[in-house]
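Here are some short exercises to help you find your way around a structure that is new to you. Try each task first, then read the worked solution below it.

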Amino acid sequence: MTLRSLTFVIGTGRSGSTALSRILSTHPDVLSLNEYMASVGDAAFPEGRVPGGEFWEALVRPTPYFANMIRSGLLMPEFLYTRRPGRYSAHGTGIPALSLMVLPHLTDDPDGLLDEISAAVIGWPDRTAAEHHEALFEWFKARLGRTAVVERSGYSTGWAPGLRAAFPYAKFVHLFRDGPDCALSMSRHPGYRVITLMREIKERTGVESFADLTDEDVRSLPPDLAPLLDERFDPALVQERDFPLGRFGALWSELVTQGAQFLDELPADQRMTLVYEDLLDAPRQELARLAAFTGVEPSGPWLDSACAQLDDSRRGSAGKQLTPAELDELRESCAPGSRALGVSPS
């Protein structure tokens with residue numbers, strides 16, 4: 001199976017990407033899969049051929065990383081299901097991976113839609129993971145009356161090579177925002193603060209995966225890091241920690257460099273760059289370009305509605321909110337990414 005139109009929007013996150021998912025969801029022909037890859041992750045891409053029931057389990061198995069945050073009272077704004085809880089709870093059986101951020105973006109009844117998906121998927125024959133995902137996307141399209149699929153997850157540049165291997169015909173949009181502004185936003189977001197700490201744990205222990213951590217590794221960690229590996233931790237360990245802004249500038253640089261290098265390797269007709277500031281400056285032009293790239297018509301009413309949803313009040317936030325010394329430090333940490341993109345930090 002090959003979808004007629006499948007596009008992945010990759011990027012750092014904190015770059016207007018959530019707003020972009022909302023805008024795309026209002027297009028009558030676009031199936032906007034919000035944080036799909038961030039939700040299902042590697043667990044939904046097993047090797048070989050698997051039956052529908054096994055694929056279904058991978059889609060609904062709660063994501064430990066997110067479940068631990070919710071149990072600890074550390075909520076991200078992206079956790080849509082927790083705003084209007086249904087039958088699932090992180091304190092019980094757990095919130096299904098597909099339900100936390102993906103389904104509430106598509107319907108006001110995520111539990112009901114999950115039941116419909118279960119009834120369809122469990123009986124599917126053995127397929128590769130990519131074929132199962134394609135079949136699920138087709139199911140969504142038929143159920144919701146859409147024609148083009150656009151998946152968008154934050155912190156997603158690392159997924160791109162695997163997605164390219166699984167779906168070689170897919171198109172990719174690299175979305176990025178001004179480095180200092182994006183890095184400052186990351187520094188205040190609970191998810192990116194946790195990401196930074198988890199990266200520090202890996203650096204200190206030398207493991208590639210948390211599954212490789214030994215008891216000795218955990219004991220070697222300082223008391224302000226080790227508890228983050230538990231199912232429940234004190235949220236103050238994340239919320240009240242003082243982070244150097246340069247860490248987030250370095251993270252932004254790493255991610256945008258990944259994205260730029262990946263895009264450079266794609267055929268011209270399968271790649272597109274979208275700059276958040278350009279989207280704010282010329283929304284009709286940039287959204288029309290994005291719609292055409294993803295295979296849908298940029299109708300006038302949709303463009304009118306989409307432009308009204310954009311908010312440029314946070315543009316230039318780093319320059320407005322930081323001291324000159326702080327801004328200089330952040331610009332320096334963003335410099336490698338800016339060079340990779342061929343732009344100058346604000």
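**Exercise 1. Decide whether Glu 116 is buried, partly exposed or exposed, then describe its salt bridge.**

Solution. Start with the accessibility: Glu 116 has a relative accessibility of 32%. Buried would need under 20% and exposed over 50%, so Glu 116 counts as partly exposed. Keep in mind that this is a predicted model.

Next, look for a partner. Glu 116 forms a salt bridge with Arg 143, and the closest N and O atoms are 2.7 Å apart. This pair links distant parts of the chain: Glu 116 sits in helix α6 and Arg 143 in helix α7 (residues 129–144), 27 residues apart. Arg 143 is partly exposed too, with a relative accessible area of 39%.

**Exercise 2. Find what Asp 115 pairs with, and where the partner lies.**

Solution. The side chain of Asp 115 meets that of Arg 87 in a salt bridge, at 2.8 Å from N to O. Now place the two residues: Asp 115 belongs to helix α6 (residues 110–121), while Arg 87 is in the loop between α4 (64–71) and α5 (97–100), 28 residues apart. Finally, check accessibility. Asp 115 is partly exposed at 38%, and Arg 87 is partly exposed at 47%.

**Exercise 3. Work out which parts of the chain the salt bridge between Arg 315 and Asp 281 ties together.**

Solution. First confirm the bridge: the closest N and O atoms of Arg 315 and Asp 281 are 2.9 Å apart. Arg 315 lies in the loop between α16 (300–309) and α17 (317–321), and Asp 281 in helix α14 (residues 276–281), so the bridge joins parts that are 34 residues apart in sequence. As for accessibility, Arg 315 is partly exposed at 27%, whereas Asp 281 is exposed at 53%.

To widen the view, the structure holds 15 salt bridges. Glu 200, Arg 204 and Arg 247 are linked in a network of them.

**Exercise 4. Explain why Cys 334 forms no disulfide.**

Solution. Find the closest cysteine sulfur: it belongs to Cys 182, 8.2 Å from the sulfur of Cys 334. A disulfide requires the two sulfur atoms to be within 2.5 Å, so this pair is too far apart for a bond. The count for the structure is zero disulfides. Cys 334 is also buried, with 0% relative accessibility.

**Exercise 5. Follow helix α18 from its length to its surroundings.**

Solution. Begin with the length. Helix α18 (residues 324–341) has 18 residues, which should span 26 Å at 1.5 Å a residue; the end C-alpha atoms are 24 Å apart, in agreement. Then look for a bend: a kink of about 50° lies at Ala 335, shortly before the proline Pro 336. The buried residues of α18 include Leu 327, Leu 330, Cys 334 and Ala 335. Among the elements that cover the buried residues are β6 (171–176), α9 (179–187) and α13 (245–264). Just after the helix, Gly 342 takes a positive phi of about 75°.

**Exercise 6. Judge how compact the whole protein chain is.**

Solution. The protein chain has 18 helices and seven strands. Its radius of gyration is 20 Å, close to the 20 Å that the globule rule gives for 346 residues, so the chain is as compact as a globular protein of that length. As for burial, 54% of the 346 residues count as buried.

Note on methods:
Residues numbered from 1 in each chain as written. Predicted model: local features only at pLDDT ≥ 70, side-chain atom pairs only at ≥ 80, totals over all residues. Heavy atoms only, no water. Buried < 20%, exposed > 50% of the residue type's maximum accessible area, 1.4 Å probe, protein only. Salt bridge = Lys/Arg side-chain N within 4 Å of Asp/Glu carboxyl O. Helix = DSSP H or I, 4+ residues; strand = E, 2+ residues; numbered from the N terminus. Expected span 1.5 Å × (residues − 1). Bend = angle between axes of the 7 residues up to and from the residue. Contact = heavy atoms within 4.5 Å. Rg over C-alpha atoms; globule rule 2.2 N^0.38 Å.
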